[in-house]
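User: I'm new to this and would like a close look at one part, the salt bridges. Could you go through them slowly and then show me what else is worth a look?

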Amino acid sequence: LFFPEKRPFFLENAGLFAVGEPEEVDLFFSRRIGIGTEGELIPIVAGARLTGKLGGTNIGFLNMQTEEGQGMTPANNFTVARVSRELPHRSSLGAIFVNRQGTGDAASERDHNRTYGVDGRWGIGEYGELSAFAAQTSTPDSKNGQYAYRVGASYNSAAWLLRGAYMEVAEDFNPEVGFLQRRGGFRKPDILIWRRYRPKSFWGLHELRPHVSYVGYWNPDGFQESGRLHLDNHLEWKNGHEIHTQVNFTREGITQPFEISPDVLVPEGTYDDTNFQFTVLTNQGAPLSVRVETFVGGFFGGDRMALTPSMRFRVGEAFNTELSLEHNDIDLPGGSFETNLGRARISYSFNPKVFVETLIQYNDRSDIWSMNFRFGWLQTANVGLFVVYNHRRGFNDLVEDTPDRSLVVKFSRLFDLLD
């Protein structure tokens with residue numbers, strides 16, 4: 001699961017260190033620093049970041065030292081070095097080095113992980129582009145390949161968006177200070193053909209966006225883990241209303257049985273399914289807007305019907321609220337079940353720098369409801385005073401009915417020592 005970075009120190013100039021395929025193969029992912037594998041807090045002793053330009057070359061350097069975590073987690077030193085150069089015609093070339101080195105008495109001499117990467121982009125004409133990255137990791141005792149690469153081409157004009165790419169990740173590729181969505185290696189081709197068409201006068205339509213895409217994943221042994229052929233068309237009217245119609249042909253390869261719901265198992269095997277989705281949106285910029293998504297079709301050898309209605313209401317730029325429900329009715333050979341997830345979001349801005357936000361959520365499958373309240377008083381973006389209150393409670397035998405509450409108060413301020 002990908003959880004985005006929220007800490008201001010790491011967010012500033014974060015784009016300079018972004019190399020790879022976002023949220024799938026990221027060579028550097030700052031949440032690995034100061035946060036353990038189970039989400040626990042690991043204290044950061046000190047750190048420094050340097051970013052800027054030198055003779056037209058972008059330069060970035062980051063070094064952080066953490067303390068020992070709970071249990072046997074040793075202290076670690078993290079280093080990231082990045083250089084990139086912008087070239088004419090939307091082109092660029094860059095390189096990155098990422099290092100994690102265990103430190104302290106609890107770390108061994110071979111407790112380290114390193115990632116080396118290069119990336120580039122070449123603009124062709126007004127609309128074309130070629131892009132690529134290649135990376136290698138170094139982890140002690142790894143025997144199989146530790147490489148990853150991606151090559152892609154795109155054409156993006158006012159009328160057409162054409163994109164094709166191929167990515168391969170070796171079995172032991174291990175960016176410990178990065179993010180890898182699928183471990184164990186994979187090969188992934190993907191292609192997209194997207195047409196934009198604006199009729200002069202046809203039923204009040206503003207734009208038609210028919211498109212087709214395919215993405216597939218094969219493991220190193222040649223077994224297809226996932227595949228999805230997507231056929232869709234977006235119809236957008238001049239008043240802001242939209243309708244999306246789509247058909248999906250999917251394949252899921254399951255190598256081990258898993259429990260999708262209590263006492264409902266999905267056996268191993270390959271599942272080829274077809275499903276239909278229909279989405280209706282009213283003008284999302286209006287004070288009151290509605291979005292309804294429906295899903296009907298095959299699901300792991302059975303059937304799934306899903307309905308997701310949501311409604312937004314806003315008053316000016318200050319008050320916003322959203323109500324949504326996710327309902328799933330699933331019938332599988334191993335059993336049937338239903339799930340419901342309800343959400344309510346409310347936010348109010350007293351002015352551009354002072355706001356309150358509330359999220360209330362209920363999950364009937366786990367029989368858990370939770371609430372998050374946040375008050376913010378900003379100095380600049382993501383910097384200032386924050387007061388956060390969380391409340392969570394379960395009502396079944398799997399979760400203790402004792403409420404789980406937490407209150408966090410955080411204040412941060414940036415100082416310009418050179419001004």
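Analyst: Let's start with the term itself: a salt bridge here is a side-chain nitrogen of Lys or Arg within 4 Å of a carboxyl oxygen of Asp or Glu. Side chains of opposite charge can pair when their charged atoms come close. Keep in mind that this is a predicted model, where local features need pLDDT of at least 70 and side-chain atom pairs count only at pLDDT 80 or more, while totals for chains, interfaces and linings use all residues. Residues are numbered from 1 along each chain as its sequence is written, and side-chain values use heavy atoms, leaving out hydrogens and water.

Searching the whole structure turns up 20 salt bridges. One of them joins the side chains of Glu5 and Arg7, with N and O 2.8 Å apart. How covered are these two? Glu5 has a relative accessible area of 12%, so it is buried. That word means under 20% relative accessible area, with exposed meaning over 50% and partly exposed in between (1.4 Å probe, protein chains only). Arg7 comes in at 22%, so it is partly exposed.

Both partners also have a neighbour to look at. Ser30 touches Glu5, Arg7 and Phe10, leaving out residues up to four places away in sequence; touching, or contact, means heavy atoms within 4.5 Å. You'll find Ser30 in the loop between β2 (25-26) and β3 (44-54). The strand names come from DSSP runs numbered from the N terminus: helices are H or I with at least four residues, strands are E with at least two. Ser30 counts as buried because its relative accessibility is 8%.

Now for a pair that reaches further along the chain. Arg150 makes a salt bridge with Glu21, and their closest N and O atoms are 3.2 Å apart. This pair links distant parts of the chain, with Arg150 in strand β9 (residues 147-156) and Glu21 in strand β1 (residues 20-21), 129 residues apart. Arg150 is buried because its relative accessible area is 12%, and Glu21, at 19% relative accessibility, counts as buried too.

Next, try Arg209 and Glu242, whose side chains meet in a salt bridge at 3.1 Å, N to O. Here too, distant parts of the chain are linked: Arg209 sits in strand β13 (residues 205-218) and Glu242 in strand β15 (residues 242-254), 33 residues apart. Arg209 has 10% relative accessibility, so it counts as buried. Glu242 is buried as well, because its relative accessible area is 16%. These two don't stand alone: Arg198, Glu207, Arg209, Glu236 and Glu242 are linked in a network of salt bridges.

What about charge across the whole chain? The protein chain carries 42 positive and 52 negative side chains, and the centres of the two sets lie 9 Å apart. In that count, Lys and Arg are positive and Asp and Glu negative, with His and the chain ends left out. Each charge is placed at NZ of Lys, CZ of Arg, CG of Asp or CD of Glu.

Let's zoom out to see where these pairs live. The secondary structure comes to 1 helix and 26 strands, and buried residues make up 34% of the 419 residues in the protein chain. Of the contacts between residues at least 6 apart in sequence, 44% join residues at least 24 apart.

For a buried residue in a strand, look at Ser289, which lies in strand β19 (residues 288-299). Its relative accessible area is 3%, so Ser289 is buried. Beyond its neighbours within four places in sequence, Ser289 is in contact with residues including Thr282, Asn283, Met311 and Arg312.

Phe173 gives you a buried residue in a loop, the one between β10 and β11 (179-180). Phe173 is buried because its relative accessible area is 3%. Among the residues Phe173 touches, not counting those up to four places away in sequence, are Val25, Leu27, Tyr147 and Leu180.
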